[in-house]
Amino acid sequence: MSAWLPITREEMLRLGWDRPDVVIVSGDAYVDHPAFGPAVIARLIESRGYRVAVLPQPNWRDDLRDFRKFGEPRLFFGVSAGNMDSMVNHYTAARRLRSDDAYTPGGKAGFRPDNASVVYCRLLKQLFPHIPVVLGGVEASMRRITYYDYWEDRVRPSVLLESGADLLLYGMAENPLHALLDRIGAGVPFGEMKDIPQSVFRVNDRKALPEPPATGDLELPGHEALAADTLLFAKTFAQWEKEINKGEQRRMLQPTDQGWLVVNPEAPRLTENELDAIYDLPYTRLPHPKYSSRGDIPAFEMIKHSITLHRGCFGGCSFCTLAAHQGKHISSRSAESVMREVDKIAGMEGFKGHISDLGGPSANMYRMEPVNADTCRRCSRPSCIYPSVCRNLSTDHRPLIKLYRQVRSHPAVRKATIGSGVRYDLFMYRKGQEADAYGHSQYLSELVTYHVSGRLKVAPEHTSPRVLALMRKPSFDLFVRLKDDFDKICRKQGMQQQIIPYFISSHPGSEEADMKDLASRTRQLGLKLEQVQDFTPTPLTLANTMYYTGLNPDTLQPVYVARNSEEKQRQRGYFFWYKEKSRHTQVALPGMKKTPKDTLHRETRRPSRPRR
């Protein structure tokens, strides 16, 4: 194996290859690090003995020479828009074009197209019509069936149909990819690969389908019907969300004008050994040297000394894509695997002893599994912690506390901080001896004392009980309790630290009166909000469906939606009551004067780790 997978034809020829077996096309610059999905997929395929080349950020505007430089791969093209949805990457919630791209050297924008998954696949099919194209990544995953596109304000069919790809592997698809490679090794043609878990494909005739799984089939309404009827769209989303959260899922079928769209059920979650093996692949953990003169890649700089402990999220927040992409159930790494990664980071040039994050989709879901797996197989709740924490969920924080201590005892580690968001409802819902038995109060004390680098990130999101219910988030009173406990620990330890809450404006259900309440309550707590964002309706989320239909899919009751820019701006203005100059509407709260509108406050983007 080479230190770097080739990204130029010259690098490929130096390896003695006449052509690669697989070419991975990505909307991101090539960073050979386990937090970057295209690198993981490329290294996994390489580990099976195949020759893999990477085509990062190809130019789609010129004569398409980038797409041609490796020639025809022997097996297939793998396509990903990158670690981030290209439309979220390009546009603000107000649909304004962003001026930067965290996944490009120098943070420069303009190196990937809108709807990158569709653009890349169509170009590859134009240039190499007989070579199979396999589509994956978060952008494709969240567009795997009919969805509402906020940026174009229309309902669109599955990205598989729009792109012309031969197969779509959704979610964190390492095991489905292994299954695909097994079929290729056995000589199975692409057109006959209809039993790969976690895959989406198309057939002309329903009679061409293999026998349904033991769980059976679920037939969804056709795309045209969904595009014409918002009530049907809302009902179908509720049905789809319930199905993907089942322990035993049905195969989904959808009639379209191109035949039948088929969505196979998820693969079983990765075992500890399988997840460890992924992080043990021979990553250089660095951007390709080709970028050395073009500036830092901001997304890499943020995570280069961080460690992912687990995957999956059972929070089920209405506006979040995590569960639909990574799955609801948690897969955790072994402590031994984590410590091997600490050793690798310790050996990196420029490491000064600070591990910047020990986390994942949420910071503190490590090793949280069902008490009884059979109970989970029969459950279809989208959230294991809303409206209350499930009694079948182990919220034991002691394994995580033990791991924190192991990391900070490493001789090369001076400090290990937690950069991922903390789900405080996981350690604040129990009291007394029961809480002590799960290490709940101990976790908060350990976290604040040893693993906060001045600021602890948490996400109450709103203060209104009605809006929080639509978000599937706990009561704001729980955050107030957390802040009180946080401040007490800081005073006891003599530490000057802050708790940094995240909030969202214009979420479905949020009205101007709700935002005024948010401003008043946060001001009473002495908070001047910085980490805030306007709601963006990302595809295949509950909040996206509420925004489009004006209905709550769970109840089919009407939901208020702030749609026009003026109203959204007014809602955002309540975050910044303390700003003397702002074009946002300023709010008159007790004890303050209303200030005039002036200059526009710049949008604060919520930082996030790269997500595949």
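Let me begin with a term: a salt bridge here is a side-chain nitrogen of Lys or Arg within 4 Å of a carboxyl oxygen of Asp or Glu. Asp396 and Arg398 form such a pair, and their closest N and O atoms lie 2.7 Å apart. Please keep in mind throughout that what we are looking at is a predicted model.

Staying with that pair for a moment, is Asp396 buried or exposed? Asp396 counts as buried because its relative accessibility is 15%, and the cut-off for that word is under 20%. Its partner Arg398, at 43% relative accessibility, counts as partly exposed.

Across the whole structure, the search finds 39 salt bridges, and I would like to take you through two others. The first is between Asp182 and Arg48, where the closest N and O atoms are 2.6 Å apart. This pair links distant parts of the chain, since Asp182 sits in helix α8 while Arg48 sits in the loop between α2 (37-47) and β3 (52-56), and the two are 134 residues apart. Both ends are partly exposed, with Asp182 at 42% relative accessibility and Arg48 at 31%.

The second is between Glu152 and Arg156, with the closest N and O atoms 3.5 Å apart. Here Arg156 is buried, with a relative accessible area of 5%, whereas Glu152, at 38%, counts as partly exposed. These two residues also belong to a network of salt bridges that links Asp149, Glu152, Arg154, Arg156 and Glu162. As a general point, side chains of opposite charge can pair when their charged atoms come close.

Let me turn now to the nonpolar interior. In soluble globular proteins, nonpolar side chains tend to be buried together. In this model the largest nonpolar core has 120 residues, and the members that touch the most other members are Val25, Phe67, Ile355, Leu358, Val407, Val422 and Leu482. Apart from that core lies another, of 51 residues, which includes Tyr50, Ala173, Ile278 and Ile303.

Which residues does Phe67 touch, if we do not count those up to four places away in sequence? Its contacts are Val25, Leu55, Pro58, Asn59, Trp60, Tyr120, Leu123, Leu124, Leu127 and Phe128.

Next come the empty spaces, beginning with the enclosed ones. The search finds five cavities of 30 Å³ or more in the whole structure, and the largest cavity holds about 290 Å³ of space. It is lined by 22 residues, of which Ile41, Val79, Ser80, Gly136 and Gly137 are the closest to its centre. At least two residues of that lining come from each of α2, β4 (76-80) and β5 (133-136). By class, the lining of the largest cavity has 13 nonpolar residues, eight polar and one charged.

Finally, the second largest pocket, where about 870 Å³ of space lies. Of its 43 lining residues, those closest to the centre are Glu266, Ala267, Pro268, Arg269 and His329. Helices α8 (174-185), α13 (322-326) and α15 (373-377) each supply at least two residues of this lining, and α8 is also the helix that holds Asp182, the partner of Arg48. How does the lining of this pocket divide by class, and how many of its residues are charged? There are 20 nonpolar residues and 14 polar ones, and nine are charged.

Note on methods:
Residues are numbered from 1 along each chain as its sequence is written. This is a predicted model: local features need pLDDT of at least 70, side-chain atom pairs count only at pLDDT 80 or more; totals for chains, interfaces and linings use all residues. Side-chain values use heavy atoms; hydrogens and water are left out. On a 1 Å grid over the protein atoms alone, a cavity is a set of points where a 1.4 Å probe fits but cannot get out, and a pocket is an open set with protein on both sides within 12 Å along at least five of seven lines; lining residues have an atom within 4 Å of a point. Grid points are joined across faces, edges and corners, and a volume is the space filled by probe spheres set on the points. Helices (H or I, at least four residues) and strands (E, at least two) are DSSP runs, numbered from the N terminus. Ala, Val, Leu, Ile, Met, Phe, Trp, Tyr, Cys and Pro count as nonpolar, Asp, Glu, Lys and Arg as charged, and the others, Gly among them, as polar. A nonpolar core is a set of buried Ala, Val, Leu, Ile, Met, Phe, Trp, Tyr and Cys residues joined through side-chain atoms within 4.5 Å. Buried means under 20% relative accessible area, exposed over 50%, partly exposed in between (1.4 Å probe, protein chains only). Contact means heavy atoms within 4.5 Å.
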